[in-house]
Amino acid sequence: MNRKYNIVHLPDDEPYRWWRLFDDTYIIHYGEALDTFLLLGTEKALLIDTAYGRGDFPNIVDMLKGDRELMVVNTHEHFDHTGGNRFFPQVYMHPQAFENADHAFGPLPQEWLDNMPYPNYEKIAVENGHIFDLGGREVEVVYTPAHCKSSIAFIDHGRRLMFPGDELDASNANLNIFDSVGAFLENCKLLKSRESEYDFIMPNHNGCPVAKSYLDDFITAAEHVVNGCPDNVDPEDVPDYCRGFFKGSLRAQVGDSCINYLPKDFVFPAGPMSEVFKKELESEE
Ligand SMILES: [Zn+2]
């Protein structure tokens, strides 16, 4: 690999793998269960998410994009999707992500941060309906906030793929406050109403592509929660990676689709989300 970027490696960096789903569509897979996506058009490339930015991430992207101009976009503000933003001069995101996109889940070595060439990269707002034109391939933004207030999904009209970010995957929809279940339900109905425009769902975590039929079960699970008759299962019975963010999360499961959500009376921890997540992670160790 011709390495354009100098890399500061950290002891807990995990390995990458990457492969073509189509000739013009790469999945770049970090560690156990985190995927980012590189979509190639005739003129431009679109990178969906920057993972944690660990290891050779920017060099892998640079190699795979070829001569194309690169555009970078975040599905939402969580750091496992934005951590590599500072390798790029400009990053598109929903304006709701501007404030928190650079908040790591925990402290990072200063030498690693100092190595990234664009600490003050430009954040460019994209709203519902925005089209990324890659040349022969149009990718549409759909605003879908529930897992996160800044979440956007993408419909790739070229390869008929739908990228939902962390809003749902084959193992979970990780939701937080109870009200987000209602928002999640509306988003799933919206994505379902457009299912004739894509063939597969491409979540960032826990495997992709996955079948569109997951949406039907997610809709049923969310409807049951909203209507006060949730199909709850014991979170102790599911793998660690399927649990909600917070102790006290409930899990409703219908068919293949499960949602983790917080009860109505849950008292949300005070402080910035990055600190809240950190405390939750520490308390699990
Ligand atoms: Zn997330």
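Which residue follows α1, and what is the sign of its phi? The helix is followed by Gly66, whose phi is positive, near 65 degrees. This model is a predicted one, in which local features need pLDDT of at least 70 and side-chain atom pairs count only at pLDDT 80 or more, while totals for chains, interfaces and linings use all residues. Residues are numbered from 1 along each chain as its sequence is written, and side-chain values use heavy atoms, with hydrogens and water left out.

It helps to begin with the whole protein. There are 6 helices and 17 strands; helices (H or I, at least four residues) and strands (E, at least two) are DSSP runs, numbered from the N terminus. The C-alpha trace spans about 55 × 45 × 30 Å along its principal axes. A compact globule of 285 residues would have a radius of gyration near 19 Å, and the 18 Å of the protein agrees with this. Here the radius of gyration is taken over C-alpha atoms, and the globule rule is 2.2 Å times the number of residues to the power 0.38. Of the 285 residues, 52% count as buried, where buried means under 20% relative accessible area, exposed over 50%, and partly exposed in between (1.4 Å probe, protein chains only). Among contacts (heavy atoms within 4.5 Å) with a separation of 6 or more, 62% come from residues 24 or more positions apart.

Next comes the interior. The largest nonpolar core has 28 residues, and those with the most contacts inside it are Ile28, Leu38, Leu47, Phe57 and Phe88. Such a core is a set of buried Ala, Val, Leu, Ile, Met, Phe, Trp, Tyr and Cys residues joined through side-chain atoms within 4.5 Å. At least two residues of the largest core are supplied by each of β2, β3 (34–40), β4 (44–48), α1 (57–65) and β6 (90–93). The largest share of this core, 4 residues, belongs to α1. Apart from this core lies another, of 27 residues, among them Ile155, Ala173, Leu215 and Ile219.

The helix α1 is mostly covered, with 7 of its 9 residues buried. These are Phe57, Pro58, Asn59, Ile60, Val61, Leu64 and Lys65. The buried residues of α1 pack against β1 (16–22), β2, β3, β4 and β5 (69–73). Leu38 gives a closer view of these surroundings: not counting residues up to four places away in sequence, the partners that Leu38 touches include Ile28, Leu47, Val61, Leu64 and Lys65.

Strand β2 (residues 25–30) is also the place of His29. With a relative accessible area of 14%, His29 is buried. The side chain of His29 reaches the backbone oxygen of Glu32 at 3.3 Å; this is a polar contact, that is, a pair of N or O atoms within 3.5 Å, where within protein one must be able to donate a hydrogen and the other to accept it, and residues adjacent in sequence count only if both atoms are side-chain atoms. Beyond four places in sequence, His29 touches Pro15, Tyr16, Arg17, Trp19, Leu34 and Asp35.

The metal site is worth a visit too. The zinc ion is coordinated by His76 (NE2), His78 (ND1), His147 (NE2) and Asp166 (OD), at 2.1 to 2.4 Å. Donors are N, O and S atoms within 2.8 Å of the metal (3.2 Å for Na, K and Ca), and water is not among the atoms, so sites may look incomplete. Along the chain, the donors follow the spacing H-x1-H-x68-H-x18-D. His147 lies in the loop between β9 (138–143) and β10 (152–156), and Asp166 in the loop between β11 (161–163) and β12 (173–174), so the pair ties together parts that are 19 residues apart in sequence. His147 is buried at 3% relative accessible area, and Asp166 is buried at 9%. The 4 donor atoms subtend angles of 91 to 166 degrees, which makes the arrangement irregular. Four donors count as tetrahedral if all angles lie between 85 and 135 degrees; four count as square planar and six as octahedral if opposite donors are over 155 degrees apart and all others between 65 and 115; anything else is irregular.

Some backbone details remain. Most residues other than glycine have a negative phi, and most peptide bonds are trans. Arg160, in the loop between β10 and β11, has a positive phi near 55 degrees. The peptide bond from Cys208 to Pro209 is cis, with omega near 0 degrees.
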